[in-house]
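Here's a quick tour of a protein model, one topic at a time. Keep the picture open while you read.

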Amino acid sequence: MMISALDIFRIGIGPSSSHTVGPMRIAGRFLSHLVKSGLLGRVARLQVFMQGSLAFTGAGHRTPEAIVLGLMGFVPESTDPQDAEVALAALNEAQVLAMPSGLKIGFNPSTDLVFDYDTVPKLHPNGLRLLAMEEDHTVVADLTYYSTGGGFIASQKQLETPVQDDLIGGLSEGPLAFTSAAQLLQHCAAHGLDVAEVLLANEDEKRDRQETLSALDAIAVAMAACVARGLQQKGTLPGGLNVRRRAPDLYEKLTTLPSANERETLFDWLNVYAMAVNEENAAGGRVVTAPTNGAAGIIPAILRFYLLDAKAPKSSVHTYLLTAAAIGILYKQRASISGAEMGCQGEVGVACSMAAGALAAVWGGTPVQVTNAAEIGMEHNLGLTCDPVGGLVQIPCIERNALAAVKAANAARLALQTHEPARVTLDQVIETMRQTGLDMSSKYKETSQGGLAVNVVEC
Ligand code: SF4
């Protein structure tokens, strides 16, 4: 069952795909369940329990806000961050939840949103249990869902029966469906196609080709807009860590003193574009999951520097995004793109791998070189932990995206300059990441209980 490129790149809001976008979608899905089952009219109270990583880092990732926005009918794709703040302020003031059906119920965020640190969710570390009750506290619905990374969500039933997330677009197998890099390369060789063309053939099964290409254009525009906003927005990021936005100052320096630091300007440009996105993400701005929000700066940084600034044709942008998506799909199918399951290797590591392979494709690499670049992009991120300070997607996340963008370009170069067969295949490195993620202590998997999160004093 093939995941679509449009599931990998989703326009939403920051700061987290698994802790913000996913919970908002889950709340909306729970609401739909109440409507479809005719229960909504009986509901007088809602209570939501954040479990596992959603409890431990939910406050910093704005999970409670995302849940109530979802219950009020907001969806990630169209949420305007300013409208959302107005709605949240109104809710906090009146303690009344206005649902899209017109129903209004009393809702006290401090008691109806529960950080449940004790329940260990069995099926995935990001569990969300939602209860709907009548006036006399009779429970009319009690459902648990999971936010499985990158904005994907699944019900308990879906994870118990091993087919799968809610977000998988189109249920038909593509004509060139692939579940491994080896199979992907076989399709390329057998049909004389590159990686992007193989994925496009599968996308054609889901929708009209022009629709896919227009959606890819919209994704590129959203990524570019996010970079542009991040280059302009000055100030301090929310959350209490007092992290200053650095992208605008660096951008100003690069554009007003273009000859400064000449030999290293490549690093500076990739750094500034990646940080612009991740500072926007940390501020709750509009971001494209690539493949997650925490890792959202890497693919747009390469896109902006090597394609948009270079005025590359639209076809190159399509090749770039489709190739990146094909690689992201392999990680999603064969392992996970959730920091709560894999640590940061599953977020920044995967994004680095996707960007490396996609850039190699744009630079004319063969399908084998593309998968080699993707392999290198992950191999040197293996074991990368997730230990965000204060549970915020700021330290180490923002700089980490900048470093990974540089690493992705380097991985693409290395793959294109290497002509002997790779010693490690993309499938092998994905499996290694999966096993490493399973072995990694939960302290280092988006719980803020280890690493930098315990060694850096919040101020
Ligand atoms: S450390 Fe990595 S995985 Fe963890 S929140 Fe930051 S970007 Fe996401």
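Does P76 count as buried or exposed, and how many C-beta neighbours does P76 have inside 10 Å? P76 counts as buried, because 25 C-beta neighbours sit inside that 10 Å. Bear in mind that this is a predicted model. The protein averages a pLDDT of 94, and 96% of the residues score at least 70.

**How far to trust it**
- Residues 166-172 are a stretch to watch, since the pLDDT there is below 50.
- Beyond near neighbours in sequence, that stretch has 20 contacts in the model.
- Where pLDDT is low, the predicted coordinates shouldn't be read in detail.

**P76 and its company**
- You'll find P76 in the loop between α5 (63-71) and α6 (81-94).
- P76 and V21 are 55 residues apart along the chain, yet their C-alpha atoms are separated by just 5.9 Å.
- Setting aside neighbours within four places in sequence, P76 is in contact with G12, I13, V21, M24, R25 and G151.

**Two domains**
- The domain assignment splits things into domain 1 (12-160) and domain 2 (181-205 + 207-455).
- Their C-alpha centres lie 29 Å apart.
- Where they touch, 25 residues of domain 1 are in contact with 30 residues of domain 2.
- On the domain 1 side, β1 (11-13), α2 (17-36), α3 (53-56), α4 (58-61) and β7 each chip in at least two residues.
- The largest share of that side comes from α2, with four residues.
- Sorted by class, the domain 1 side has seven nonpolar, 17 polar and one charged residues.

**A helix tucked inside**
- Helix α10 (residues 195-204) is largely enclosed by the rest of the structure, because seven of its 10 residues are buried.
- Those buried residues are V195, A196, V198, L199, L200, N202 and E203.
- They pack against a whole set of helices: α1 (5-8), α9 (181-191), α11 (209-232), α15 (314-334), α17 (348-362) and α18 (367-379).

**A hairpin**
- Strands β7 (residues 139-149) and β8 (residues 152-155) run antiparallel and are joined by four bridges.
- Across the pair, G149 in one strand stands opposite F152 in β8.
- The hairpin has two residues between the strands, and G150 takes a positive phi near 65 degrees.

**Around the ligand**
- There are 13 residues around the ligand, and G294, G339, C344, C386 and C397 come nearest.
- By class, this shell has eight nonpolar, two polar and three charged residues.

**Backbone oddities**
- G14 and P15 are joined by a cis peptide bond, with omega about 10 degrees. P15 is in the loop between β1 and α2.
- I395 and P396 are also joined by a cis peptide bond, with omega about 10 degrees. P396 is in the loop between α18 and α19 (397-417).
- H137 isn't a glycine, but its phi is positive, near 75 degrees. H137 is in the loop between β6 (126-133) and β7, and counts as exposed because 9 other C-beta atoms lie within 10 Å.
- E446 isn't a glycine either, and its phi is near 55 degrees, a positive value. E446 is in the loop between α20 (426-439) and α21 (452-455), and counts as buried because 35 C-beta neighbours lie inside 10 Å.

Methods:
Residues numbered from 1 in each chain as written. Predicted model: local features only at pLDDT ≥ 70, side-chain atom pairs only at ≥ 80, totals over all residues. Pairing = 2+ DSSP bridges. Buried ≥ 20, exposed ≤ 12 C-beta atoms within 10 Å, placed from the backbone. Contact = placed C-beta atoms within 7 Å. Near = placed C-beta within 6 Å. Nonpolar A, V, L, I, M, F, W, Y, C, P; charged D, E, K, R; others polar. Domains from an automatic or database assignment. pLDDT = per-residue confidence, 0-100.
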